[in-house]
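Grab a viewer and work through these exercises at your own pace. Each one gives a task, then a solution in steps.

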Amino acid sequence: MNNSAFDMGSQVIHREERVLEEFREGRLESFYETVYPSMLLFTTRFLGEQADFLAEDCVQDAIFDAWKRRDSFHSLQALKGFLYTSIRNDAISISRKEQARRRYLSSREEEVFFNTSVIDQETRALLYRALGELPGMERKVLEMSFVEGLKNVEIAGKLALSDSSIKKYKANAIKILRQKLSRALLLLLLAGIS
Amino acid sequence: MDREELFTVSRLILAEIAGIITEQQADRLLSWRKEHPEHEALYQRLKDKRYLKEGLRALERVDGRRAREEMYLRVRREKRRRLVGWIAAAAVIACAAGMFYFHLYRPPVEETRLASGIAPGSPRATLQLADGSIVLLDTLDRCIEQGGVEVAKSNHRQLSYLSRATSDESPLFNEVRVPRGGEFDLVLADGTRVWLNAGSSLRFPVNFSGEERRVFLSGEAYFEVTRDAARPFRVEIAECLAEVLGTEFNLSGYDDDPVVYATLASGSVSFSNGPSSVLLSPGEQGVARHSSDRVEKRRANVEEIVAWKNGMFILEEQTLGEIMQKIARWYDVEIAFLDPLLKEITFKGRVPRHANLDKVLLTLEKTGEARFSTENRTVVVYR
């Protein structure tokens, strides 16, 4: 039979703003669903292959530190920024212990490596979540197009649909994405960062 | 580059991938790309479909559930550690139970069909002393002395056994019985804490002498066992035995349930059913069926299983049949399914245990899968 989700406060799709709020209240479900995977992948990459078995402990320690000062975060980005930074500091000290310092030749390079790793992880997580919020067909079509790099004709062939309906799904998906993203970008513009 | 800038750049790149970037934003992205060769390299990587695809698959594969459970335990310990400094240890757990979840949900109660007004369970229990006399714990307001052990109520839902001296005499046994619709905690003479769920009973010596600490359970309880390497703590339940040195675990085996479950939160437990036994690690559950003398081991959601102790029902992929069985014990009601197939529907979600029955049923009804009506103390489930 079917699997229905009923809900008393925790939605299946967690909105960004609520993740921080719930984290601060000590409800960790949405945080571990949406933020944790990025942190773990980031850490694995940052630690390198020799030490990636330490990744989980490293992430958990950072999360626990963040939880202890949970009231000081005023946005989810601030929380993520804190996590990325503490993971980096931890990872560097682990690498130093293991004398694998080649990656951190100079502090400038270290900084660039950190920045690009964060952007890399955040971009993929953002795309993953954006795709996750699309309705079924729109998601499928967009994944095939963005991720697999297929052309409309190829997608139409694979899904046994007409070229024009693929175009329609794609346009609709882009419209939804634009709404979600432009809101995020607009907020940043208003914050005067742009 | 400050931290917020990093998040902005990732949004710009995504806008570019999705083809919805504005001219101004594109300029901004371009100037970032020119800042450092590594920036440009990252940009090119993210434009590579295969790289992107791999990244999405990697995200999909991460399962944070185990890490989440571990964090709940760390958080719980931390809260406890902080409180211990300035509140007596006895008061600590009473506060900790139920402080982790906050619920702002207030469903509108307008339908008269669901207006039974049935209240949830509350601390209610009886205590049978060694001499056979029965004390109602709700109204107990004095200390009871039995064989050098003092029994006192430390708050409205908790009983403590304080041993004055160790005696070698044969132990006196007490039994706490929690009726359906009740719950109660106790602290045994060795400091072990036991949370008893509705419809359960625990038989235990008022003082532990000899080489083991053995108690007898029927129903469901959560144990926080005080470490004592010299005297293992053993719980007998139906045909099963759980043996530990010092740990936290949940045991469930109601008489109307053909299965005994032992779920481990921390430490380690040896769980046996007749001749066979398994050693459990945190997050694992031992399952013993009355119909066999084997024990299976599987992974379990500890948070969900011990939710009752923290004042919540967490329903993770549970069938309506299982959910209604819990509700029956907690609200002390009977359940009637008009269509037995309804028992197989699975639900997800969480419900505070301190809500009225009507609120809980209304929440379940919102899924559109089943409807309920209450008559006296019977809940009828229909389509």
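## Exercise 1: Where to trust the model

Task: This is a predicted model, so find where pLDDT stays under 50 in chain B and how many contacts beyond four places in sequence the model has there.

Solution. Start with the stretch itself: residues 85-112 of chain B keep a pLDDT under 50, and the model has 39 contacts for them beyond four places in sequence. Next, look at the elements. Helix H6 (residues 89-96) of chain B has the lowest mean pLDDT among the elements of that chain, 37, while S12(B) has the highest, 93. Now zoom out to the whole chain: chain B has a mean pLDDT of 78, with 80% of its residues at 70 or more.

Chain A gets the same treatment. Its average pLDDT is 76, and 74% of the residues score at least 70. At one end, residues 1-14 of chain A fall below 50, with 32 contacts in the model beyond near neighbours in sequence. Residues 187-194 of chain A are also below 50, and that stretch has nine such contacts. Finally, for the complex, the predictor gives an ipTM of 0.79 and a pTM of 0.45.

## Exercise 2: The layout of chain A

Task: Work out how many helices and strands chain A has, and what pattern they follow along the sequence.

Solution. Count the elements and you get nine helices and one strand. Read along the sequence, the pattern is β-α-α-α-α-α-α-α-α-α. Then check burial: of the 194 residues of chain A, 32% count as buried. As for contacts with a separation of 6 or more, 53% of those in chain A come from residues 24 or more positions apart.

For a concrete case, pick Lys170(A), which sits in helix H9 of chain A. Set aside neighbours within four places in sequence, and Lys170(A) touches Val141(A), Leu142(A) and Ser145(A). Lys140(A) is 30 residues away from Lys170(A) in sequence, and their C-alpha atoms are 9.5 Å apart. Lys170(A) has 18 C-beta neighbours inside 10 Å, so it counts as partly exposed.

## Exercise 3: Two alanines with positive phi

Task: Which loops hold Ala160(A) and Ala238(B), and is each one buried, partly exposed or exposed?

Solution. Take Ala160(A) to begin with. Its phi is positive, about 55°, although it is not a glycine. The residue lies in the loop between helix H8 (152-159) and helix H9 (163-190) of chain A. Just 6 other C-beta atoms lie within 10 Å, so Ala160(A) is exposed.

Over to Ala238(B), another non-glycine with a positive phi, near 45°. You'll find Ala238(B) in the loop between strand S12 (233-237) and strand S13 (240-244) of chain B. Here the count is 17 C-beta neighbours inside 10 Å, so Ala238(B) is partly exposed.

## Exercise 4: Strands in chain B

Task: Which strands stand at the edges of the sheet formed by S21, S23 and S24 of chain B, and why?

Solution. Write down the order: the three strands form an open sheet, S21-S24-S23 (chain B), with mixed pairing. Strand S21 (334-337) and strand S23 (371-375) each have a single partner strand, so they are the edges, and one side of each has no neighbour in the sheet. On average, neighbouring strands here are turned by 25° against each other, direction ignored.

Now follow one pairing. S23(B) runs antiparallel to strand S24 (residues 378-382) of chain B over five bridges, and Thr374(B) stands opposite Val379(B) in S24(B).

For practice, try strand S16 (residues 269-273) and strand S17 (residues 276-280) of chain B, which pair in the antiparallel sense over five bridges. Phe271(B) faces Val278(B) in S17(B). The two strands form a hairpin with two residues between them, and Gly274(B) in the turn has a positive phi of about 60°.

## Exercise 5: A helix pair in chain B

Task: How do the axes of helix H2 (residues 23-35) and helix H3 (residues 37-47) of chain B cross?

Solution. The axes come within 4 Å and cross at roughly 125°. That angle makes H2(B) oblique to H3(B). For the residues involved, Trp32(B), Arg33(B) and Glu35(B) in H2(B) meet His39(B), Glu40(B) and Tyr43(B) in H3(B). Sorted by class, this contact has two nonpolar, one polar and three charged residues.

Notes. Residues are numbered from 1 along each chain as its sequence is written. Chains are lettered from A and ligands numbered from 1 in the order in which they are written. This is a predicted model: local features need pLDDT of at least 70, side-chain atom pairs count only at pLDDT 80 or more; totals for chains, interfaces and linings use all residues. Two strands pair if DSSP finds at least two bridges between them. Axes are lines fitted to C-alpha atoms, for helices over the stretch in contact, and angles run from 0 to 180 degrees between N-to-C directions. A residue is buried if 20 or more other C-beta atoms lie within 10 Å of its own, exposed if 12 or fewer, and partly exposed in between; C-beta atoms are placed from the backbone. Two residues are in contact if their C-beta atoms, placed from the backbone, lie within 7 Å. Angles under 35 degrees count as roughly parallel, over 145 as roughly antiparallel, 65 to 115 as roughly perpendicular and the rest as oblique. Ala, Val, Leu, Ile, Met, Phe, Trp, Tyr, Cys and Pro count as nonpolar, Asp, Glu, Lys and Arg as charged, and the others, Gly among them, as polar. pLDDT is the predictor's confidence in each residue, from 0 to 100.
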